Every structure is written in structure tokens, then in C-alpha cells.
Amino acid sequence: MKKFVLGPSFEEMLHPEKIDPKIRKKAWEMRTKDPLDPINLFNISWRNIDNEIYYVVLPKELTGVDANIIVLYGKEFPTGSHKVGATYSILMEKVLKGEIDPSYHTLVWPSTGNYGIGGAWVGCRMKFDTIVILPEEMSQERFDIIEGYGARVIATPGCESNVKEIYDKAKELKAENPDKIRILNQFSEFGNYRFHYYVTGNTILELIDELSIGNGRVSAIVSGVGSAGTIACGDRVKEVYPDVKIVALEPIQCPTLSLNGYGGHDIQGIGDKHVTWIHNVMNNDAVVAVDDVESKKMLQVLTDEEGKKFLKEFIPEKTVEFLSSVFGISGVANVMGAIKMAKYYGLTDKDNIVTIATDNIDRYHSVMEQLTNTYGKLDRSEAKHRYESIFLGAKTDWIFEGTMDNRQRWHNLKYYTWVEQQGKEVEELNSQKTMEFWQREQQEVLEIDGLLQDYRSKFGL
């Protein structure tokens, strides 16, 4: 085996206190000294140097519901998004299995945003030639960040939901040099699923135990579906709390799970116009759809000075300033979905809903400028109107229960992308209906961690 640049195991990402203390300390120092140093791989975790989880319980004055809405936020990960955990896990697995070699292969990361940013950071830190494919209508910040990490970026036609165009470009690159190109597709790579099943899922369970709020259980998990990596945390939580509702969120403008639909939208990072290979739809309890413009408008309330000034009238100043730093568009969409589901299920102050803020406002200043150009500058009256209509006035429309018929429909939609277009076998698609399929994928966490320990026994850290 060759010597590679590798970081933490799944277990160490879940419990970073198990990392060698000298390495952990050095990695934490390099977060600010040199964020591009490969030792920052050991900062891929939902916990900080004091083993505190990155979370916030939203004020009920903000959400307007009695249920406790708990948000895990990803802005403290390297790259400013938890997607870096998925990219590292996918690449780490393939390196350990001998499928990819940095001295020869070029990595291609098809993405609509944060996954590509994560791929650029991880790929280049692990010494790979790295290409990211991204729709041209994604925020300019995304393109700038990717290039800043040392990767090349290719823009394809369209917006967030134009995933087929990304796939087509990846296929084109592969056809030009099939031996050298390795496509790491977040929509089909189970390293993405495993990171969130094991690391995010167990983090949620440990957080609920630490918090001791409500009934001490998880009543619902709401997660926007892009690659369907993040929502895999629900599979782990459901093993401990079988009554938990796993709720997939998507844009009304692209209601793929909701109505077998299609369309363009601007909740960057979710709503990719297909059902992903790694989405365990047979374990989903509902789908909720929210409006992309409302998501952007409410993000502006949370981050614009006039919006924050209004919120400080009834929420502590420190809380408002903190919240302004942890949300991007999809995070606000997730909160909107959590509010809707709290109302739909009739949840009380005994119930805990968990959702995710994938990134933060740093990726969307250009989007906020476009919003101002379209709707005018935000003032107190408009901020109040948005807050009251979008959060407090959230309705229980656009919710679809996970009946057996609906789950079957969601599953069947995979056929058109994965069998007809991507060459998967019908037999494997059929096997995804069983929990045994997903349990086999989950159990690979132990196998991969074992391979990493074997590697370290030969080469050290």
C-alpha cells in the first residue's frame, strides 16, 4: 500500500476526543492559521475542541410554535459546511479500498454547491487533481471558493435543479479519459450516506441526551433533500426512537417527491429534480415543500441590519446576532419546514424537532443583493410582514404523508435516473426496498474504520 494523506475515521469524526491529543490540538490551531493545511481534515466533526456540539435551540418567539426546534449548524466545519464530511468520507473510503490513487487519477465532483466546495477542499488537501462541475446560476461566491481551494471548476447550463446537465458533463469528461477520470457522485456514493447515518445521526442522539429538553426524545427530523445524504441521519435516529418522523423537504418550485414534478428554483443545495440513489425513501414518513422566494426573503430578515433590528425588539440581541451567522437559504427553508410539520403533527413543548443549517450567509451576499434589486430595500415594515407571514403564518399545505403508496412512488422514480440513464441494475433497485440493503451499507462503517486502522499501523498518522 502507498502512503496517502488521510484524516479521521468515522468514529473520530463522531468523537474527536479520540483523536491523538497533539494532532487534535494542532488541527484546531490551524483552523485559523492555515485553513488549507491538510491537518484540518481532523476538524471534520459536529463538535469543537471542547467537544461541544454545534447547535442552537431556536427561540419560540421566532418560530411561533411550542415544539423545540433544534438546529445543528455546519458553518464551523472546514469549508463552512458539513458537506465536507461527506466528500471526505467518500474519498477516504475509495483510497483505503485501493480504487483511487492521487498520483494518477483526476477527481470529478458533480455538484450544485457545497458538495463541490467540499470536494475542492478535500481533494486538493489529499493531493488529488480536482475538478468541480457546477450549474452556472449558482452564487458567484461558490465559484470563487472552489477556485480558492485549488480546484478547477466547470460551469454547466441552468440552476440548482439542472442536475442532468452536470451528469452529462461528467460523462463527457469520463469518456475522454476513462482510465484517469474518477467521478465521485454525491447522489450515488454511499460514503455520503454513511457519514450522515453514523456521524450526524449519532451526534443528534447524543445531543438530545445532553440537552434533556422536552420529553428527551426526537419527534421529527426535517431535512432538505439534495443528495439525500443529510437525511440519512434519520435512519440512525429511528433505530433508537422508532416513532420519529423523517421528513424530506423540497422546493414548491421543483416538487419531485411531492408531485413527481420538475422545475427551477433557488434554494441552493436541495431540490435536484430526481430521487437520489442513496435516499432510503421507504423509511421516509412525509415530504414537505416550501417556497424558494420566501426562504430567501426570511434569510434576509435574519441577516440584514434592518431585519435584525426588528427581531431585536422581542429576541435578545446576542441571540439575533448569533442566528444571523449560522443560516443560509437551505437552513431557513429547513426551519420553515420544521415549523409547518410542528403545526401539522400538533407538536407541543414536549416535542423536539431536529433540522440542519448546512452553511451560512457568507455564500449568499450576491443573492441578497439580487433580492434587494428585485423587491427593494428591507425596512421594518417589510421585515415585520415577512416574519409574520412566513414564520408565524406558516400553513400546513404542501405536506405529503409517507403512505405505502407514496413510498412506492418515490422509490419508482429512481428507475428513470439510475437504471435508464446511469446504468444501475433493476435487481439492485428492487433490493433497496428492504432494510437489509441499508443495514449492509451502514455496517460498512466498521469495515472502513478497520481499514484505516490497518493503514495507520503501517504508516502512522
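A polar contact here is a pair of N or O atoms within 3.5 Å; within protein, one of the two must be able to donate a hydrogen and the other to accept it. With that in hand, take glutamate 11: its side chain makes such a contact with the side chain of histidine 15, at 2.7 Å. Keep in mind that what you're looking at is a predicted model. Below is a quick tour of two sheets, one helix pair and a handful of single residues.

**Glutamate 11, in helix H1**

- You'll find glutamate 11 in helix H1, which covers residues 10-14.
- Besides histidine 15, the side chain of glutamate 11 has a polar contact with the side chain of lysine 18, again given as 2.7 Å.
- Setting aside neighbours within four places in sequence, glutamate 11 touches Lys18, Tyr198 and Asp449.
- Glutamate 11 has a relative accessibility of 17%, so it counts as buried, the cut-off for that being under 20%.

**The sheet of 4 strands**

- One open sheet has 4 strands, lined up in the order S5-S4-S3-S6, and its pairing is parallel.
- Strand S5 (152-156) and strand S6 (181-183) sit at the edges with a single partner strand each, so one side of each has no neighbour in the sheet.
- Going from one strand to the next, the twist averages 25 degrees.
- Zoom in on strand S3 (residues 106-110) and you'll see it run parallel to S6, with 3 bridges joining the two.
- For a pair to look up, try threonine 106, whose bridge partner in S6 is isoleucine 181.

**The sheet of 7 strands**

- Another open sheet has 7 strands in the order S1-S2-S10-S7-S8-S9-S11, this time with mixed pairing.
- Its edge strands are strand S1 (55-57) and S11, and each of them pairs on one side only.
- Here the twist averages 20 degrees from one strand to the next.
- S9 and S11 pair in the antiparallel sense, over 3 bridges.
- Alanine 286 has glutamate 401 as its bridge partner in S11.

**Helix H14 and what it packs on**

- Helix H14 lies across strand S2 (68-73), strand S7 (220-224), strand S8 (245-251), S9, S10 and S11.
- Relative to S9, H14 runs at about 125 degrees.
- H14 (residues 329-345) also packs with H16, at an angle of about 55 degrees and with the axes 10 Å apart.
- That angle makes H14 oblique to H16.
- On the H14 side, the residues that meet H16 are Val332, Val335, Met336, Ile339 and Lys343.
- H16 brings Ile390, Phe391 and Leu392 to that meeting.
- Sorted by type, the residues of this contact come out as 7 nonpolar, no polar and 1 charged.

**Aspartate 359, in a loop**

- Aspartate 359 belongs to the loop between strand S10 (352-357) and helix H15 (365-375).
- Its relative accessible area is 0%, so aspartate 359 is buried.
- Side chain to side chain, aspartate 359 has a polar contact of 2.7 Å with asparagine 114.
- Another polar contact, at 2.6 Å, links the side chains of aspartate 359 and tyrosine 364.
- Neighbours within four places in sequence aside, aspartate 359 is in contact with Gly80, Ser81, Asn114, Arg142, Val326, Phe327, Gly328 and Tyr364.
- If you want a distance across the model, aspartate 359 and cysteine 254 are 21 Å apart in space, C-alpha to C-alpha, and 105 residues apart in sequence.

**Two residues with positive phi**

- Asparagine 260 has a phi near 55 degrees, which is a positive value in a residue other than glycine.
- Look for asparagine 260 in the loop between helix H10 (256-259) and strand S9 (286-290).
- Asparagine 260 has a relative accessible area of 44%, so it is partly exposed.
- Tryptophan 398 also has a phi near 55 degrees, a positive value in a residue other than glycine.
- Tryptophan 398 sits in the loop between helix H16 (380-392) and strand S11 (399-401).
- With a relative accessible area of 26%, tryptophan 398 is partly exposed.

Technical notes. Residues are numbered from 1 along each chain as its sequence is written. This is a predicted model: local features need pLDDT of at least 70, side-chain atom pairs count only at pLDDT 80 or more; totals for chains, interfaces and linings use all residues. Side-chain values use heavy atoms; hydrogens and water are left out. Two strands pair if DSSP finds at least two bridges between them. Axes are lines fitted to C-alpha atoms, for helices over the stretch in contact, and angles run from 0 to 180 degrees between N-to-C directions. Buried means under 20% relative accessible area, exposed over 50%, partly exposed in between (1.4 Å probe, protein chains only). Contact means heavy atoms within 4.5 Å. Angles under 35 degrees count as roughly parallel, over 145 as roughly antiparallel, 65 to 115 as roughly perpendicular and the rest as oblique. Ala, Val, Leu, Ile, Met, Phe, Trp, Tyr, Cys and Pro count as nonpolar, Asp, Glu, Lys and Arg as charged, and the others, Gly among them, as polar.
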